[in-house]
Every structure is written in structure tokens, then in C-alpha cells.
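Hi everyone, thanks for making the time. I'd like to walk you through one structure today, so please have a look at it before I start talking.

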Amino acid sequence: MATKPTACLALADGTVFYGRGFGATGEVVAELVFNTAMTGYQEIMTDPSYASQIVTFTFPHIGNTGVTPEDDEAQDPMASGIVVRWDPTEPSNWRATAELTDWMARRGRIGIGGVDTRRLTRAIRQQGAPHVVLAHDPDGNFDIESLVAKARDWTGLVGLDLARDVSCAQSYRWDEGAWDWAKGFGRVTEDRPFKVVALDYGAKRNILRSLVTYGAEVTVLPATATAEEVMAHEPEGVFLSNGPGDPAATGEYAVPMIRDLLDRDMPIFGICLGHQMLALALGARTVKMGHGHHGANHPVRDVETGKVEITSMNHGFAVDSQSLPQGVIETHVSLFDGSNCGIRMADRPVFSVQHHPEAAPGPQDSLYLFERFAESMRARR
Ligand SMILES: NC(=O)CC[C@H](N)C(=O)O
């Protein structure tokens, strides 16, 4: 590198990558993952499931369409930082309202550009989501030994409950409606909308929009809401959102709450963290994966129809399909590694998937799951 590096990424094993810093200055410790999606960097960065993770984009050009509030999946970027091949350039897109670098600086998120992301991605594959420190100092002063030590000392995501931290503080009605681009595409209009309570463990906005698109009116409740608080809204169905951290660490509040809902025979639809917590509530186990899934082109097979859907994925934990109890059927599997991607109860409208069917941005192969949820509520009427 011709100029003095202004950022560095120190891996716990002592490997260091240097580059040019952008966005906020300072340092952050996190788990490092890579995402293979070619579009949607803003949606990825604002997906609350990325809390305490730094995302390496394998796609080299990040930032060239800028950012727009319409593409925020949450208030702020949730990923702790990003690693990119090329430095972000001036945006060129009619929707852009700001530059990625300024947006990140304002929101306290660090970026590093000019990194050999192919080499780094290989390191992530070999090490399996290493712990790292990302540091940005315009003067380029780095105490590498101490950064590596911080990465090594960090205890990581296993056992870490983050859903509580990113959840909304208070319940609210989702009044931003359906997808504005849907205009009839797949849109369900019910005479009387389905009353859905969505538990916010780190929900993406497009999930709430998708629920509305498929006929629901949505009340969002904080992660720690009890089953009584959920039932007070007289829901016809309950949605369990995606979210960050270790699903097993939500055993004190979310898992017992879901068990309580199961006893009340409520239609339930869960995705990602919600899927993992539902599986735990049903008596299954979750495990930390050697290689997590982060991308927008992951093939998943619907075991019951044989159909393959291309999905958006973002998870580092998985449901152990060997641990599924009787009466719980595996409905979807990953064609990358055979890991579990979906379950349903044999005799009740209770189901969940590991991938992100709301897929912001795309692909939209799995949107039928929102329709399935609507159908289960319709059948109860
Ligand atoms: N996207 C998600 O909801 C992720 C779930 C969980 N935090 C995991 O890493 O597996």
C-alpha cells in the first residue's frame, strides 16, 4: 500500500490486515463474518441480526449507490463495522441521500477499505468466524499486540444474549404499511386484517411490511414481553422475529414465553432467531456452526415439495435436526451443508424457517411463507 494505513483488522490468531479507514474512528471488537450478496449493503448493515459482528463483503464495490433512509432495516447500522476490497467512491444513484462513509461516521460505525478480501475470506473459512478488533486512526498509530490481545480475550457470541439490547423499548403499532412497490403484486387484502403480534428480537422493517402485505395488522412487542402481554392484544397469530446473538441465551424469557404460547394453541411463524427459539421451546437444541451462512443466494430445499428456493441467509447458529422431538417435522434443509432450515409442528399451525423470507433485498422465492401464515390464521376464522 502506497500510503500509510489508517485502519487495521487484527485477528485473534495474530494475523493483521491493513487498509484505509473510513466512517467512524476508534476501535471495536466483534466476530468477523463474510457476506456474499452482490447488492443490499445498507440492508445488511442495518439488519439487527448483525449486532456484534463485522461484515466482510466479498463483492468488491460497496458504497457506490450511497444510502437512503428507505433502505434502513433499523434505525442505525447494527453491524459493528465493515471490511471492503475497494474504498467506497462517490455514490451514483438517484435514490442516494448520503454517502456511505458519512452515514457510517455519523452512526459510529468503522470501515476499512483496500483489504485483500479474498485472502481474508479464506481465513474466515479456515478459522470459522474469528474474533477480531477493527481499528481506525487517521494518524495510523496502532498497538498491534494490544489489539490482538483484545480480540483473543473477547468471549464471543456463544452464550451472549443480544436480542434484548436491540429490541424496541416499548410496544407500538406498525403503521408504515405494506411494501410500497408491491402495488398488487402478491398483495392480500382481507375484509378484516389479521391481528398479528410480532415479537421484536431485532426485527427487520421489511418483515413487518411483508406481514402487512399479506393481510396483517401488526403490533410489535419488546423481546421480554410475557405471554399474558401478548395475549392482551388478542392476536390471531404470533410472529417471532430474527435477531442477533445466541438463541440459547434467551432461555430466561423468550423460550418460556413461546412455550406458554404453544400451550395456548396459537398460530406461530418464526424466522431465523425466532426459528431457533421456537425449536428450543419445542425441546430441540441449537449449535454454533463452524461456518455460518451470510448471503443472498443460498439454496434451500423444501423437503415436502422437493422445490428449491434461493434464499437470503444470515446466521451463525443452527437448529440441530437430530434433536427435533417427535411431532416436529423438518421442512427445509440447506443444500450447502445439509443443516436445518425449517420446522413445523405435525398437528398445529406452528412453523419457522432459518432463512429470511422477507429478503430485503431479494430474492423473493420464500415469500409464500407469509401467505402460509395468513392462511393458517384464515383457517381459524
Ligand atoms: N438472522 C438471525 O436472526 C440470526 C440468528 C442468530 N443470531 C444466529 O446467528 O444464528
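Let me begin with a question: by class, how many nonpolar, polar and charged residues does the shell around the ligand have? The shell has four nonpolar residues, seven polar ones and no charged ones. Please keep in mind that this is a predicted model.

Now for the names. Around the ligand we find Ser49, then the run Asn242, Gly243, Pro244 and Gly245, then Cys272 and Leu273, and finally Asn314, His315, Gly316 and Phe317. Strand E14, residues 308-319, gives the most to this shell, with four residues.

How does that compare with the record? The UniProt entry, which is unreviewed, puts a "binding site" feature at Ser49, Gly243, Gly245, Leu273, Gln276, Asn314, Gly316 and Phe317. These positions span 269 residues in sequence, but no two of their C-alpha atoms are more than 12.9 Å apart, so they gather at one spot.

Let's look at two of those positions. Gln276 is in helix H9, and it counts as buried because it has 30-plus company, to be exact 32 C-beta neighbours inside 10 Å. Beyond its neighbours within four places in sequence, Gln276 is in contact with Pro247, Thr286, Phe317 and Val319. Phe317 belongs to strand E14, and with 21 C-beta neighbours inside 10 Å, Phe317 is buried too, given that the cut-off is 20 or more. Leaving out residues up to four places away in sequence, Phe317 touches Asp246, Pro247, Gln276, Thr286, Val287, Lys288 and Met289.

On to the second annotation. Which residues does the "active site" feature cover? In the same kind of unreviewed UniProt annotation, they are Cys272, His356 and Glu358. They span 87 residues in sequence, and yet no two of their C-alpha atoms are more than 11.2 Å apart, so this set gathers at one spot.

Cys272 is placed in the loop between strand E12 (268-271) and helix H9 (273-282). Is Cys272 buried or exposed? It counts as buried, with 30 C-beta neighbours inside 10 Å. Setting aside neighbours within four places in sequence, its contacts are Ser49, Asn242, His315, Gln354 and His356.

That last contact brings us to His356, in the loop between strand E17 (350-353) and helix H10 (368-380). His356 has 24 C-beta neighbours inside 10 Å and so counts as buried. Not counting residues up to four places away in sequence, His356 touches Asn242, Ile271, Cys272, Thr311, Ser312, Met313 and Asn314.

Finally, a few words on the barrel. Seven strands close into it in the order E1-E2-E6-E5-E4-E3-E7, with mixed pairing. From one strand to the next, the twist averages 35 degrees. Strand E3 (residues 26-35) pairs with strand E7 (residues 131-136) in the antiparallel sense, over six bridges. If you want a landmark, Val28 has Leu134 in E7 as its bridge partner.

Helix H3, residues 117-127, packs on the sheet and touches E1, E2, E3, E4 and E5, with its direction at about 130 degrees to that of E4. Helix H4, residues 144-153, lies across E1, E2, E3 and E7 and runs at about 140 degrees to E7.

That's my tour, and I'm happy to take questions.

Terms used. Residues are numbered from 1 along each chain as its sequence is written. This is a predicted model: local features need pLDDT of at least 70, side-chain atom pairs count only at pLDDT 80 or more; totals for chains, interfaces and linings use all residues. A residue is near a molecule or strand if its C-beta atom, placed from the backbone, lies within 6 Å of it. Helices (H or I, at least four residues) and strands (E, at least two) are DSSP runs, numbered from the N terminus. Ala, Val, Leu, Ile, Met, Phe, Trp, Tyr, Cys and Pro count as nonpolar, Asp, Glu, Lys and Arg as charged, and the others, Gly among them, as polar. Two strands pair if DSSP finds at least two bridges between them. Axes are lines fitted to C-alpha atoms, for helices over the stretch in contact, and angles run from 0 to 180 degrees between N-to-C directions. Two residues are in contact if their C-beta atoms, placed from the backbone, lie within 7 Å. UniProt positions are given in the numbering used here, feature names are shortened, and annotations may be inferred rather than shown by experiment. A residue is buried if 20 or more other C-beta atoms lie within 10 Å of its own, exposed if 12 or fewer, and partly exposed in between; C-beta atoms are placed from the backbone.
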